[in-house]
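Student: I am new to this structure. Please show it, and then take me through some of its parts by question and answer.

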Amino acid sequence: QACQYSVLFEFSRAMPTREPTTVFFCRHGETDWNLGKRFQGHIDIPLNEAGGRQAQQIADTLKQHQIVAVWSSPLTRARNTAAAIAASSNAVLCVDNRLLERELGVMQGCTAYEVRGKHPKAWAAWKTQTPFPKDAGVEPDSAVIYRVESALFELAAKYPGKSVAIVGHGAALRSVLLRAVGTASISVLSVGPGRAWRVVQVGYEAHLRGLRGMGFFKDSDSNEWGEDMAATTVLLCRHGETDWNLDRRFQGMVDMPLNSLGRKQAVMIAQSLENKSLSAVWTSPLQRARETGGIISDKIGIELQVEDRLRERNLGVMQGRNPTQLREEFPSIIDAWIAQIELPPEAQAEPASEVVERIESALFDLAAAYPGKTVALILHGASIRCLLKRAVGNARITTPKNVSMTTMVVGPGRKWRLVQVADVSHMPKPTKEELLHRLKITSGSAKL
């Protein structure tokens with residue numbers, strides 16, 4: 001199954017007159033040093049027999065995508081993989097030094113075990129993806145990213161709207177994607193217009209057959225390579241209250257701000273998160289979530305990251321209406337909402353499966369970037385509801401309250417589980433006056 005991911009980086013200076021280019025970024029096939037978990041770097045190791053078969057499997061898979069050009073690192077293991085792709089797709093093959101493997105200095109030629117023993121500082125930097133000591137002789141991440149992106153943007157400018165293939169290396173891809181991918185895997189990037197790119201798929205391996213395709217010898221997932229495979233704790237926080245929450249009107253993608261109570265609620269959840277040792281705070285781009293996330297990030301002292309994949313579900317014709325209005329105008333839609341089944345086509349709403357897919361991609365990106373850490377996501381009720389339904393199947397759920405906190409454990413790999421759902425223990429109980437006020441507003445509305 002393909003892994004769905006979106007990139008952590010976006011660059012400006014877009015050129016809207018050009019269509020994006022689809023780049024199939026392939027890691028070369030297996031070598032004996034891959035199999036022995038020995039760092040290769042610039043050392044020119046050829047494919048082994050299995051690697052040759054893997055190269056052809058990549059080529060067979062990409063043939064259907066009308067590849068117009070294949071660019072490759074100059075190292076033999078990449079060039080031989082690229083030659084198979086180019087021959088199968090009848091595409092032009094270009095060797096480009098910008099796609100060279102990362103210079104790994106003292107690590108080159110050593111097994112992971114040897115690096116751990118001989119060069120502990122270099123090993124620690126590799127494991128945590130932090131800068132290497134100068135005496136390690138390792139090419140900086142920034143230099144790798146700069147040259148690889150340079151090739152990507154040139155490809156996109158040369159082949160706008162087309163599909164192209166790149167064959168590169170594991171350590172260089174690790175610098176660019178902030179995570180490891182296996183030998184002979186395929187990652188799909190959308191590049192352009194201009195100096196912008198995002199990841200569509202990462203580490204696709206369904207084309208591989210034999211033991212490698214069955215999950216054996218997966219060098220990207222081994223702790224022996226220094227990949228931190230610890231799970232990540234993710235706190236899903238719903239934004240604070242808005243006036244439309246109070247009026248029980250569906251918001252969806254309508255960009256409503258927090259009301260005065262919502263801002264107070266955001267302060268309360270920020271206080272509860274102070275002792276969670278957060279490493280990151282990501283938020284939906286909608287104002288009610290960004291305001292909540294901003295209060296949290298200011299309190300904790302962590303920069304707020306805005307992530308479009310965390311946006312609220314587009315609720316179509318439900319947006320701006322309360323349950324009573326929907327009962328009068330669209331009874332089949334409110335019936336489906338209450339029954340917690342797929343909304344009918346006339347709702348014009350984003351399918352729940354697509355909501356889950358984009359949020360999961362953000363979750364898996366976070367888990368790859370912050371293994372073993374705790375992070376917070378600020379998002380929305382309908383989106384969280386879709387994710388919870390994915391976890392419980394046919395069982396009924398309750399839409400989480402404003403500034404509730406749902407705890408998940410994500411990873412290692414593409415998996416997650418719920419630990420606690422919609423916790424509001426950090427919130428004071430509403431006063432009698434507040435309860436009466438809400439009862440007056442919501443009287444006569446259908447139950448959500």
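Tutor: Two strands pair if DSSP finds at least two bridges between them. Helices (H or I, at least four residues) and strands (E, at least two) are DSSP runs, numbered from the N terminus. This is a predicted model, in which local features need pLDDT of at least 70 and side-chain atom pairs count only at pLDDT 80 or more, while totals for chains, interfaces and linings use all residues. Residues are numbered from 1 along each chain as its sequence is written, and side-chain values use heavy atoms, with hydrogens and water left out.

Student: Which residue in β4 stands opposite Ile 67?
Tutor: Strands β2 and β4 run parallel and are joined by five bridges. Opposite Ile 67, the residue in β4 is Ser 163.

Student: In what order do the six strands of the open sheet lie?
Tutor: The pairing in this open sheet is mixed. Its edge strands, each pairing on one side only, are β3 (92–95) and β6. The order is β3-β2-β4-β1-β5-β6.

Student: Which strands does α3 touch where it packs on the sheet?
Tutor: Contact means heavy atoms within 4.5 Å. The direction of α3 makes about 170° with that of β2; such angles run from 0 to 180 degrees between N-to-C directions, and axes are lines fitted to C-alpha atoms, for helices over the stretch in contact. The strands touched by α3 are β1, β2, β3 and β4.

Student: How far apart are the axes of α2 and α3?
Tutor: Two packed helices are described by the angle between their axes and the distance between the axes. Helix α2 covers residues 49–62 and helix α3 residues 76–89, and they pack at an angle of about 35°. Among the residues that meet there are Ile 58 and Leu 62 in α2 and Ala 84 and Ile 85 in α3. The axes are 8 Å apart.

Student: Which element gives the most to the largest nonpolar core?
Tutor: A nonpolar core is a set of buried Ala, Val, Leu, Ile, Met, Phe, Trp, Tyr and Cys residues joined through side-chain atoms within 4.5 Å; buried means under 20% relative accessible area, exposed over 50%, partly exposed in between (1.4 Å probe, protein chains only). The largest has 25 residues, and Leu 152 and Trp 197 are among those with the most contacts inside it. Elements that each supply at least two residues include β1 (21–27), α6 (141–158) and β5 (186–191). With seven residues, the element that gives the most is α6.

Student: Why does Thr 407 count as buried?
Tutor: Thr 407 lies in strand β11, residues 405–410. Leaving aside neighbours within four places in sequence, its contacts include Val 234, Leu 235 and Leu 418. Thr 407 counts as buried because its relative accessible area is 13%.

Student: Which residues point the same way from β11 as Thr 407?
Tutor: In a regular strand the side chains alternate between the two faces of the sheet. Thr 406, Met 408 and Val 410 point the other way from β11. Pointing one way with Thr 407 are Met 405 and Val 409.

Student: Which residue in the turn between β11 and β12 has a positive phi?
Tutor: β11 is joined by five bridges to strand β12 (residues 416–423), and the two run antiparallel. Val 410 stands opposite Trp 416 in β12. The two strands form a hairpin with five residues between them. The positive phi, about 85°, belongs to Gly 411.
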